[in-house]
Amino acid sequence: MADRLAAALARPVAQQPQWPDPERASAVVASLSGAEPIVTPAETARLADRLAAVARGEAFLLQGGDCAEAFAENTEAHQRANLGVLADMASVLTRRAGLPVVQVARMAGQYAKPRSRPLDELGLPVYRGDLVNSIEPTPAARRPDPARMLRARADAAKAMAVVREFHRGGTDTQALTGGDGAGYVSHEALVLDYERTSLSPDTTGPEPRFTSGLGHFLWIGERTRDLDGAHIAFAELLSNPIGLKLGPRTTPEQALDYVRRLDPHGEPGRLTLISRMGHTRVRAVLPAIVEKVTGSGHQVIWQCDPMHGNTYTSANGYKTRALRHVVDEVRGFFEVHRRLGTHPGGLHVELTGDDVTECLGGARGITEADLPARYRTACDPRLNAAQSIELAAVVAELAATGVTEGHVRLR
Ligand code: PEP
Ligand code: MN
């Protein structure tokens with residue numbers, strides 16, 4: 001097991017911070033390795049059970065939160081606001097579509113960001129999330145600092161305490177959504193010096209693996225999913241439920257390669273394929289992928305991320321997304337699955353309960369001119385509470401519309 005982990009981590013690896021002082025980084029990794037896990041193996045196993053139900057078409061997976069958690073924003077009020085929006089969306093889905101909803105917060109570990117370019121618009125090293133460097137636009141602030149992993153880890157533990165408190169005792173929403181009293185958390189497994197530090201052997205599954213104590217559900221991003229690279233080899237070794245982002249250049253053959261690698265034993269719900277195709281591409285690209293994977297017999301969760309394929313820069317210079325594009329990608333996703341008879345099983349969104357103006361449109365009609373007033377994100381633009389609820393209403397309607405005539409829902 002230790003050998004397999006070492007071999008995984010020795011593979012070519014994308015998007016890692018270049019720590020200026022590798023000895024200091026090793027010391028931080030050693031110190032993190034001694035810390036208490038944030039989540040328990042029992043909770044993670046319970047989530048895996050619930051995700052199996054999603055994969056069978058019996059429930060819906062709702063995942064959301066900030067694009068990037070920021071240290072300065074890690075207040076209980078902010079975290080509760082985000083959890084509140086997620087719970088409200090779940091409630092809309094359950095009431096209107098009659099589906100149990102599995103809620104997973106994008107929280108308590110979402111501190112590192114993959115970036116497309118090494119330099120920002122000022123010519124400075126790009127901000128890579130608070131786990132790596134600071135958003136302040138100075139060369140000193142942009143230097144990667146491994147001590148930030150310690151802060152991230154401490155903040156993640158605090159965030160998890162807020163999640164537990166939020167879900168304690170079973171709220172109305174939980175009863176409605178088939179909640180089991182647990183609050184589940186997830187993040188992108190990106191910086192492997194962080195991700196390698198809370199692994200414990202797990203021999204309960206079909207093969208010996210490690211369970212990560214850093215989050216219940218971990219996903220691999222669009223920029224780090226090289227089949228020969230370290231991230232996929234690392235994910236293979238985890239017993240936690242795994243997500244994988246798939247962009248519009250993914251071929252059906254590649255999708256099947258991922259499924260074989262990440263779900264070798266055919267465990268329903270072990271793997272969530274998170275399509276983020278863009279609203280103009282989803283109808284053309286997704287069907288062949290779904291058909292190929294479904295034909296293999298693997299029971300994955302099909303989840304739509306309608307955010308990352310629909311990002312653009314507004315005329316006044318803000319990275320933004322339009323709610324109508326987000327909604328259109330979700331509609332396309334449902335159309336594809338209804339046509340193929342597969343279960344459109346989940347939604348993955350960037351949102352916040354804070355009063356922001358980062359995405360365009362919605363009932364309040366946010367326009368480009370409104371963006372500067374409350375544009376607060378540390379990375380990608382988030383839906384605000386009103387936009388999130390509007391999106392949930394659309395998804396609920398699509399989910400309630402159910403199976404079209406002549407098609408059966410698989411499994
Ligand atoms: C993200 O989820 O914030 C992200 C970077 O997504 P992707 O890997 O799909 O681009
Ligand atoms: Mn993002």
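Let's start in the loop between β2 (101-106) and α5 (147-167), where A108 is found. In this predicted model, A108 has a phi near 65 degrees, a positive value in a residue other than glycine. That is worth a second look, since most residues other than glycine have a negative phi.

A108 has company in this respect. Q15, which is not a glycine either, takes a positive phi of about 65 degrees. You will find Q15 in the loop that links α1 (2-9) to α2 (22-33). A glycine can be added to the list: G98, just after α4, has a positive phi of about 65 degrees.

Helix α4 itself (residues 76-97) invites a simple check. With 22 residues at 1.5 Å a residue, the helix should span 32 Å, and because its end C-alpha atoms are 31 Å apart, the two values agree.

Now let's turn to ligand 1, which takes up the space of the largest pocket. Around ligand 1 we meet C67, R106, K113, P114, G221, E222, R223, K245, R276, H308 and E350. Sorted by class, this shell holds seven charged residues, two polar and two nonpolar.

Several of these side chains approach oxygen atoms of the ligand. R106 places a polar side-chain atom 2.8 Å from an oxygen atom of ligand 1, and K245 likewise has a polar side-chain atom 2.8 Å from a ligand oxygen. For E350, an N or O atom of the side chain is 3.0 Å from an oxygen atom of ligand 1. On its own, ligand 1 has 290 Å² of accessible area, and the protein covers 98% of that.

Definitions and conventions: Residues are numbered from 1 along each chain as its sequence is written. Chains are lettered from A and ligands numbered from 1 in the order in which they are written. This is a predicted model: local features need pLDDT of at least 70, side-chain atom pairs count only at pLDDT 80 or more; totals for chains, interfaces and linings use all residues. Side-chain values use heavy atoms; hydrogens and water are left out. A residue is near a molecule or strand if one of its heavy atoms lies within 4 Å of it. A polar contact is a pair of N or O atoms within 3.5 Å; within protein, one must be able to donate a hydrogen and the other to accept it, and residues adjacent in sequence count only if both atoms are side-chain atoms. Accessible areas come from the Shrake-Rupley method with a 1.4 Å probe; for residues, only the protein chains shown count as cover. On a 1 Å grid over the protein atoms alone, a cavity is a set of points where a 1.4 Å probe fits but cannot get out, and a pocket is an open set with protein on both sides within 12 Å along at least five of seven lines; lining residues have an atom within 4 Å of a point. A molecule sits in a cavity or pocket if more than half of its atoms lie within 2 Å of its grid points. Ala, Val, Leu, Ile, Met, Phe, Trp, Tyr, Cys and Pro count as nonpolar, Asp, Glu, Lys and Arg as charged, and the others, Gly among them, as polar. Helices (H or I, at least four residues) and strands (E, at least two) are DSSP runs, numbered from the N terminus. The expected span of a helix is 1.5 Å times one less than its number of residues.
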